[in-house]
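Welcome! Let's get to know this structure together, one question at a time.

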Amino acid sequence: MTSTLLLVLAVFAACTVEAVEALTIVLAAGVTRGWRSTIEGAAAALLVLAALVAAFGPALIRYVPISVLRLVVGGLLLSLGLQWLRKALLRASGLKAKHDEDAIYRREVARLSGLPRPAGGRDATGFVISFKGVFLEGMEVVLIVLSLGLSSGRLGYAVAAAAAAVVVVTAVGLLVARQLAEVPENAMKLGVGLMLVSFGTFWSGEGAGIRWPLADGAILGLIATYAVVAFVAVRFLQRGRVVAPPSPEPA
Amino acid sequence: MTVAAALRAFGRFWWDFLIGDTPELAGGTLVVIVIAWAIAHGPGALVVCFPAAVVVLLAASLWRGRRG
């Protein structure tokens, strides 16, 4: 039960972070290129992402032995989680510029405003920008959903958590009619990184044949251990840092 | 776009996605999984070595990030 809750939280938070970044691009494309093509591009990307999960999820469960699946996707989860955690720790300690949604939005609006527009009908630029933004941000979520869902045997929960995050971020974005710059993105990235590394350690260990003490309860111990390490790492890295200004670079 | 160019773009996408600017994390993950496999066939108390190896890998990558 606890591991299911942690899994849902991890997927929901990971998907929220990526959805906020995708929303920034979609809003910039919609404002400058028109909403019809932009929404069509975003919807097409979501369909492709959903098709990837539907195609690979059940097939992997059916044809790949669970121990191999846990070893491979656990390793993938561990690698992805370490990337998230590393980036979040460097940002939290001021060694890497924080992700600035406002700056990204302004830059995208300026760039897209300067491109020529068709006289009427659909705008291919708006469609492509929106499709690419949602697809590229969504691919990471697809990998997280598949790896967490498959290794735990709870793919349905992982898909539902990801879908809920997309709905929540889209609804809030539409309600406030702007990009969600106030979302504590780095804190969420740090939390997601901790959970992905913990799940990755747990499942790849199980796949390799390790029998963890406390069974699923070991995940909580791993999260606590890595959280302490993260806290110590930030304190250590903050010594003698040069504070980096906010960056409009993609995450 | 030719098939070769599409394949190159596909390969580049996955390289950037999985390895990117932190090849030490991708390679290090393989090493710690080999360590996990070795631990699984040893005494149960050795299980703590696996998360410890993950911590060492993260610390090494952060050290590299701190300097770079």
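Q: Which residues have the most contacts inside the largest nonpolar core?
A: Keep in mind that this is a predicted model. Its largest nonpolar core has 88 residues. Those with the most contacts inside this core are A10(A), V11(A), C15(A), V145(A) and L196(A).

Q: Which helix gives the largest share of this core?
A: The core in question is the one with 88 residues. One helix of chain A, covering residues 2-33, supplies 17 residues, the largest share. That helix is α1 of chain A.

Q: Which residues is L196(A) in contact with, leaving aside its neighbours within four places in sequence?
A: L196(A) is a good one to look at, being among the residues with the most contacts inside the largest core. A contact here means C-beta atoms within 7 Å. Setting aside neighbours within four places in sequence, the partners of L196(A) are A10(A), L77(A), L80(A), G81(A), W84(A) and I144(A).

Q: How many helices and strands are there in chain A?
A: Try reading along the sequence of chain A: the pattern is α-α-α-α-α-α-α-α. The count for chain A is therefore 8 helices and 0 strands.

Q: Why is chain A as compact as a globular protein of its length?
A: Chain A has 8 helices. For 251 residues, the globule rule gives 18 Å. The value for chain A is close to that, so the chain is as compact as a globular protein of that length, with a radius of gyration of 19 Å.

Q: What share of the residues of chain A count as buried?
A: A residue counts as buried if 20 or more other C-beta atoms lie within 10 Å of its own. Among the 251 residues of chain A, the share that count as buried is 49%.

Q: What is the radius of gyration of chain B?
A: Now for the other chain, whose elements run α-α-α from the N terminus on. Its C-alpha trace spans about 55 × 30 × 10 Å along the principal axes. A compact globule of 68 residues would have a radius of gyration near 11 Å, but the value for chain B is 17 Å.

Q: How far apart are the end C-alpha atoms of helix α1 of chain B?
A: This helix has 16 residues, running over residues 3-18. At 1.5 Å a residue, α1 of chain B should span 22 Å, and the model agrees, because its end C-alpha atoms are apart by 22 Å.

Q: How many buried residues are there among the 16 residues of α1(B)?
A: Across chain B, 24% of the 68 residues count as buried. α1(B) itself is hardly covered, and its count of buried residues is 0.

Methods: Residues numbered from 1 in each chain as written. Chains lettered and ligands numbered in written order. Predicted model: local features only at pLDDT ≥ 70, side-chain atom pairs only at ≥ 80, totals over all residues. Helix = DSSP H or I, 4+ residues; strand = E, 2+ residues; numbered from the N terminus. Rg over C-alpha atoms; globule rule 2.2 N^0.38 Å. Buried ≥ 20, exposed ≤ 12 C-beta atoms within 10 Å, placed from the backbone. Expected span 1.5 Å × (residues − 1). Core = buried A, V, L, I, M, F, W, Y, C linked by C-beta atoms within 7 Å. Contact = placed C-beta atoms within 7 Å.
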